[in-house]
Amino acid sequence: MNQQARQGRWARWDRWDPWARGGSGRRALWCGGWLVAAGWAGALPLVSGLGPHRSWGVCAAIGYLAAAVAVVVLPRRRARAESVAVALCGAVLVPLLLLVLTGQGQSEVGVIERSAARLLDDGTPYAAEPRTLAEYTPYLPGMAAFGLPRALSEALPWAQALPWVEGWPARLLGDARLWCAAVFLGCLLRASGPRRAGVALLTASPVVALPLCVSGVDLPMTGLCCLALAGAARGRPVGAGLALAAACSLKWTAWPALPVVAGLLAATTGRRAALRGTAVAVAGTAVLVLPGALRSPGPMLRQVFAFPTGRGDLPTPAGSPLPGRLLADLGPVGWSAAVALLLLAGLAVAVSLVLRPPRDVVGAADRLALGLCLAFLLAPAGRFGYLALPLVLAVWARSRSAGRPAPRSFEPNSFAPHPFEPNSFGPNSPVDPRTEVVPIPWAPLSSSPTTSRPARAASKPSSTPWPPACPPARSSSTPRTNPARTATTPLSPSR
């Protein structure tokens with residue numbers, strides 16, 4: 001029994017492992033993948049000028065190298081899972097604890113925590129007159145929830161009397177990165193269903209491990225978008241709408257997911273479900289965003305919408321040389337051209353959703369990833385790190401759908417075939433056996449002793465037991481006889 005359970009556990013890894021079904025070089029492919037990740041992480045301290053990035057690169061490079069060694073040394077059945085566990089420890093757990101306990105991190109972590117403290121003091125996460133970049137809050141009001149643990153531990157008098165507030169537990173539990181990672185992993189595990197082995201590999205990859213350790217601000221939105229797509233594919237419009245509302249209240253870059261989720265619901269469940277899910281998402285976003293917007297509308301517009309697009313009082317630090325940024329550097333005309341291209345790209349994706357709506361999670365994730373890639377590339381200001389979000393969506397969708405059959409789409413104008421074929425009645429039939437007209441499998445014998453032909457039986461409600469008994473099997477040695485002649489009187493000579 002233990003051997004069967006162990007084989008079933010390793011079979012879950014084989015579902016998403018593209019090299020587990022054959023080929024002698026799968027061990028080399030896994031080892032090569034970890035070596036590529038180690039090279040990328042090892043090059044980060046040489047090209048990056050940020051301290052948290054350099055610290056993560058050193059720890060992650062050692063972890064990925066250890067994972068490559070584990071693939072080569074350990075037995076085949078243990079190599080994949082053990083290497084993923086080693087990579088998780090070296091690229092996620094160790095650098096995250098190191099950065100949190102030493103107080104290192106990107107500026108986004110401090111922005112979230114200060115916005116939460118401002119929310120408790122003034123009732124709004126936005127400063128009225130920000131003078132430095134640290135005072136800007138380029139997020140929607142929902143993002144301040146991840147900084148509440150630190151803000152509550154510093155604001156409440158009874159919390160300051162606790163013994164763990166002054167030590168390392170306070171720095172660990174109050175850090176916003178920890179709660180961002182918890183929401184992200186919880187959403188991904190919930191959205192992946194029983195196929196959760198791919199979540200561990202995705203988390204150990206540099207695409208997720210780096211932002212999780214140094215900032216983590218984009219991961220909750222990504223996890224909630226994945227959860228919304230999974231709920232739409234399962235035919236749960238309310239759950240998908242709630243997850244989408246939570247994502248849209250964090251950053252406005254999650255708003256393109258609304259039409260994608262609506263299109264997936266319309267294709268798989270129906271138009272009413274799509275309308276219901278859209279209404280829940282819009283209403284939930286309004287409930288979470290409107291109080292902060294009404295409290296300070298001017299600062300919110302300047303910090304959330306004008307500042308990230310390069311139209312704020314201070315220049316945005318997102319200055320990667322992407323196409324939209326290069327156009328915006330040409331002046332007002334270039335900025336207008338970048339915005340026009342961005343709107344045209346969004347219109348093209350919307351038209352594709354109408355003409356060819358996605359019918360599964362992979363198609364919806366790809367469509368959303370395409371829209372986000374175009375938005376990040378053509379935005380007047382952006383970073384290369386933003387492109388990790390579309391990549392996570394595409395990889396997660398394929399790891400979730402590995403080995404699953406394609407779901408049946410909902411066609412409201414098509415004529416669906418009858419749910420059962422003739423002579424296929426049984427206990428699982430959707431028809432009530434007490435009211436269904438059941439055709440008799442064979443003609444009944446005549447009740448009159450003088451007639452020689454069987455009576456014609458009209459279709460009527462069946463009174464026989466359910467399901468109707470079948471005639472006994474005839475052996476090969478028994479001669480074939482006519483049941484209608486064996487129970488009737490013999491024919492007269494004159495006939």
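1. Cys89 sits in helix H4, which runs over residues 76-101. In this predicted model, Cys89 is partly exposed, its relative accessible area being 39%. Once neighbours within four places in sequence are set aside, Cys89 is in contact with Val94 and Pro95. Gly63 is 26 residues from Cys89 in sequence, and the two C-alpha atoms are 7.0 Å apart in space.

2. On the overall fold: the protein has 21 helices and zero strands. Of its 495 residues, 40% count as buried. Among contacts with a separation of 6 or more, 73% are between residues 24 or more positions apart. The accessible surface comes to about 27,000 Å², and carbon and sulfur atoms account for 65% of that area.

3. On confidence: the average pLDDT of the protein is 78, and 73% of the residues score at least 70. By helix, the lowest confidence is in H21 (residues 483-486), with a mean of 46, and the highest is in H13 (residues 237-248), at 94. The pLDDT is below 50 over residues 405-462, a stretch that has 48 contacts in the model beyond near neighbours in sequence. Residues 483-495 also have a pLDDT below 50; for this stretch the model shows 12 contacts beyond near neighbours in sequence. Any reading of contacts in these two stretches should carry those scores with it.

4. Helix H13 can be checked for its length. What span should its 12 residues have at 1.5 Å a residue? The expected value is 16 Å, and the end C-alpha atoms of H13 are 16 Å apart, so the two agree. The buried residues of H13 are Pro237, Ala240, Gly241, Ala243, Leu244, Ala245, Ala247 and Cys248. Their cover includes helix H12 (219-233), helix H14 (257-268) and helix H15 (271-295).

5. The next point is a helix pair. Two packed helices are described by the angle between their axes and by the distance between those axes. For helix H9 (residues 176-192) and helix H11 (residues 206-214), the angle is about 145° and the axes are 8 Å apart. Which residues meet in this packing of H9 with H11? From H9 they are Arg177, Ala181 and Phe184; from H11 they are Val208, Leu212, Cys213 and Val214. By class, the contact of H9 with H11 has six nonpolar residues, no polar ones and one charged.

6. Leu212, in helix H11, deserves a separate entry. Is Leu212 buried or exposed? With a relative accessible area of 2%, Leu212 falls under the 20% cut-off and is therefore buried. Apart from neighbours within four places in sequence, Leu212 is in contact with Val92, Leu96, Arg177, Ala181, Thr203 and Leu219. Of these, Arg177 and Ala181 also appear on the H9 side of the helix pair. Arg177 is 35 residues from Leu212 in sequence, with 6.9 Å between their C-alpha atoms.

7. Ser296 belongs to the loop between H15 and helix H16 (297-306). Ser296 is buried, because its relative accessible area of 9% is under the 20% cut-off. Leaving out neighbours within four places in sequence, Ser296 is in contact with Thr124 and Tyr126.

How values were computed
Residues are numbered from 1 along each chain as its sequence is written. This is a predicted model: local features need pLDDT of at least 70, side-chain atom pairs count only at pLDDT 80 or more; totals for chains, interfaces and linings use all residues. Side-chain values use heavy atoms; hydrogens and water are left out. Helices (H or I, at least four residues) and strands (E, at least two) are DSSP runs, numbered from the N terminus. Buried means under 20% relative accessible area, exposed over 50%, partly exposed in between (1.4 Å probe, protein chains only). Contact means heavy atoms within 4.5 Å. Accessible areas come from the Shrake-Rupley method with a 1.4 Å probe; for residues, only the protein chains shown count as cover. pLDDT is the predictor's confidence in each residue, from 0 to 100. The expected span of a helix is 1.5 Å times one less than its number of residues. Axes are lines fitted to C-alpha atoms, for helices over the stretch in contact, and angles run from 0 to 180 degrees between N-to-C directions. Ala, Val, Leu, Ile, Met, Phe, Trp, Tyr, Cys and Pro count as nonpolar, Asp, Glu, Lys and Arg as charged, and the others, Gly among them, as polar.
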